[in-house]
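Q: Please take a close look at the aromatic pairs in this structure. Which rings pair, and where do they lie?

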Amino acid sequence: MARQLKSIECSAQPLCISFHPFRDVVAAGLVDGTVEVHDLVALDQKTNNQTNNDEMDDEDSNNKEEEQDTILSSIFVAKETTKAASNSKMLAKMDDASASAKKAAQGPSCRSVLFSDSTTSGNDSNALNSGGRHLFTACNGGSIRSLDTERVCSLDPSQHDSAITWSIENAHHVGISNLYQLPQYSPSGPLLVTGDDAGAVRLWDVRICGGGNNNKHNNKNSKQNPFDDLMKPPQGCVMQWKVNHDYITDFTSSKDGSHLLATSADGTLSIFDVRYMNRKHTPKSVILPEVDLSNPNTNQQPPKNTWEKSGYAQSENQEDELLSMCLLKNSSKVLCGSQQGILSLFSYGIWSDISDRFPGHPQSVDALLKIDEDTVLTGSSDGLVRAVQLLPNALLGVLGSHEGFPVEALGWSAGRKMVGSLSHDEYIRLWDGSFLNDDGDDDDSMDEMQESAINKNAKPCGTKDDDSDDWEDLDGDEDMNDSDDDSDDDSSEGGAKSKKPKQIFKSANEEFFQDL
């Protein structure tokens, strides 16, 4: 296992995290509707002080150690419970999304946070200078907000009150499940992307968002029928697709930023052409009729030629929820984690069905984090963070454990120095990820990960009774190697070298003389 660093304790259970692309800070969206920003530098100093105290073996040093708080700010960003909230519940029922209606009836929570320009290219100096200037938040009430990073990270509490630069209360009629931002080099620019519980995907131009127009519009029409503007997107929304029938789980974009990929809990992978909105005489909203997923007799034929007509393509239903996604093999493969613990691989450009699959996780794969073009970190519901190699498929080891609680999110810190993970508690666990960035320099650390995958008390991949499980063979081979080593050690006397194994097959010379 990798070295576990000092964990960050939040005031409530965190639902999502986002590391600043260039500064040592992390933002967490909490279940109570607030967003907290923590300083990783103060955490590193606290960890070093604790390490020095342990080396001194002084019992009184821990009592004299001063407590250092890593929190920089805590701002409430969720949508307040007003009459607009009841309108959101009615709109959720109109979409036949019972699960979404139940989520809207729950208390306010911040579901997704994202620092701006987190996917910028390292060669763009302008992007590097402006990266992380804003912090975007999305909540279960359907609102999105933009916060000024400098004010959020300020040590002056008076700056936190004016940190929100703009907000859209009714960005979605149901809860927002995911946030993403297209890269700077995208043909449509760094548009903000949101996905909600009903499967809708909207693109936002942050330059025209906010400005108070949305709030004035809501106050002006507060006495009108809430269904009047149901199909009208708010100001700042430049494009929307409603082709999925369940909540959006993850986003990513193509290498050139022209395609937006989205996974959904309805078991499909959707690909959107962001250049479609720039064509002439094209609609700014593409909406498919709703499908009753609870009725197995519903056989609706998917529309044809959707890429040219509506700017999107969709895979066949995988009959399993797709929960996470990332690009591998120089963007030639799309890796998706599923509810059944299967890693599904799509060949880029061939979206009808998967080209390969890698079973083995005993439970669902809720999070994926790319290490390089061949390796990813997987966060599973069994509480383990694993390092997995794809094509050829292999389990490399276990990075860390959440003691049986599901791993909900993974993320890289600035400079890829540490890996952050979330579970069903109030802590952001941090792991040393420096050895994952080196090429062959830290083979000992990788060997330790491989040994921990076999010797750890928690069951690694392959403990599930499945004939198609490839990782059971891996564990079996390791056990065979261990048994061979034990037999060799028993045959040795006084620590001497083990004897050569007995020759089973005779040489050609022996067979020749035996015939004579």
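A: The following account describes the aromatic pairs and their surroundings. The model is predicted, so local features need pLDDT of at least 70 and side-chain atom pairs count only at pLDDT 80 or more, while totals for chains, interfaces and linings use all residues. Residues are numbered from 1 along each chain as its sequence is written, and side-chain values use heavy atoms, with hydrogens and water left out.

Rings of Phe, Tyr and Trp (its six-membered ring) pair if their centres lie within 6.5 Å; planes under 30 degrees apart count as stacked, over 60 as edge-to-face and the rest as tilted. By this rule there are four aromatic pairs. One of them joins Phe 136 and Trp 166, a tilted pair with 6.3 Å centre to centre and 45 degrees between the planes. Strands are DSSP runs (E, at least two residues), numbered from the N terminus. Because Phe 136 lies in strand 7 (residues 134-139) and Trp 166 in strand 9 (residues 164-168), the pair ties together parts that are 30 residues apart in sequence. Both Phe 136 and Trp 166 are buried, a term for under 20% relative accessible area (1.4 Å probe, protein chains only).

Tyr 180 and Phe 251 form another tilted pair, at 6.4 Å centre to centre and 35 degrees between the planes. Here Tyr 180 belongs to strand 10 (residues 176-181) and Phe 251 to strand 14 (residues 248-253), so the pair ties together parts that are 71 residues apart in sequence. Tyr 180 counts as buried because its relative accessibility is 12%, and Phe 251 counts as buried at 4%.

Terms used. Helices (H or I, at least four residues) and strands (E, at least two) are DSSP runs, numbered from the N terminus. Buried means under 20% relative accessible area, exposed over 50%, partly exposed in between (1.4 Å probe, protein chains only).
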